[in-house]
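Here is a short walk through how some helices in this model sit against one another. Have the structure open and follow along.

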Amino acid sequence: MRVDIRGTRFAAAVTTAVLAAVLVSGSFRLLAAQALVFAAGAVLGVARSPYGLVFRHLVRPRLGPPAGVEDAAPPRFAQGVGLAFALVGLVGYGAGPLWLGMAATACALAAAFLNAAFGYCLGCEMYLALRRVTG
């Protein structure tokens with residue numbers, strides 16, 4: 001399966017905004033909601049995640065044909081990495097220490113921002129590196 005590159009960047013932009021709001025507000029619930037979005041992306045695939053559906057039904061119809069598509073496996077893996085950071089963040093915000101929640105959220109925010117702003121997906125690069133190492 002292949003996905004529209006613009007869709008993954010759209011999802012990363014929304015994720016960037018959500019995670020920035022978590023850092024500003026310290027909201028456990030907002031981070032939990034983002035963790036559910038990450039989980040949906042990891043399990044169902046990025047095209048069927050909530051942000052993927054918003055892109056497909058509301059944004060993509062207003063755009064021209066995609067300039068490029070990519071294999072869905074690397075972004076799906078990246079969603080799993082985001083989920084891992086969100087879960088660590090939830091532990092920090094929920095049980096402490098607070099710095100753990102903030103640090104994990106900030107790491108996820110940095111990765112989402114890189115994808116949204118520059119099209120550089122850290123989780124995708126991790127996936128490709130793992131594929132090279134494991135064959």
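A crossing is called left-handed if the near helix is turned anticlockwise from the far one by less than a right angle, and right-handed if clockwise. Helices here are DSSP runs of H or I with at least four residues, numbered from the N terminus. Before going on, note that this is a predicted model, in which local features need pLDDT of at least 70 and side-chain atom pairs count only at pLDDT 80 or more, while totals for chains, interfaces and linings use all residues. Residues are numbered from 1 along each chain as its sequence is written, and side-chain values use heavy atoms, leaving out hydrogens and water.

Let's start with α5. This helix takes in residues 98-118, and because 21 residues at 1.5 Å a residue (counting one less than the number of residues) should span 30 Å, the 30 Å between its end C-alpha atoms agrees. Its buried residues (under 20% relative accessible area with a 1.4 Å probe, protein chains only) are G101, A104, T105, A108, L109, A112 and N115. They lie on the same side of α5, because their arc around the axis is only 135 degrees, taken from the directions from the helix axis to the C-beta atoms. Over on the other side, W99 and F118 are exposed, meaning over 50%. The cover over the buried residues includes α1 (5-25), α2 (28-44) and α4 (73-95). After α5 comes G119, with a positive phi near 70 degrees.

Now for α1 and its two partners. Two packed helices are described by the angle between their axes and the distance between the axes. Axes are lines fitted to C-alpha atoms over the stretch in contact, and angles run from 0 to 180 degrees between N-to-C directions.

| Pair | Angle | Axis distance |
|---|---|---|
| α1 and α5 | about 150 degrees | 8 Å |
| α1 and α3 | about 120 degrees | 9 Å |

α1 and α5 are therefore roughly antiparallel (over 145 degrees), and α1 passes α5 in a left-handed crossing. Among the residues making this contact (heavy atoms within 4.5 Å) are T8, A12 and L19 of α1 and T105, L109 and A112 of α5.

α1 and α3 (residues 50-59) are oblique to each other, and their crossing is right-handed. Here the contact is made by R6, G7, F10, A11, V14, T15 and V18 of α1 with Y51, V54, F55 and V59 of α3.

Last, look at Q34 in helix α2. Q34 counts as buried because its relative accessibility is 1%. Beyond its neighbours within four places in sequence, Q34 touches T15, V18, L19 and Y51.

Terms used: Helices (H or I, at least four residues) and strands (E, at least two) are DSSP runs, numbered from the N terminus. Angles under 35 degrees count as roughly parallel, over 145 as roughly antiparallel, 65 to 115 as roughly perpendicular and the rest as oblique.
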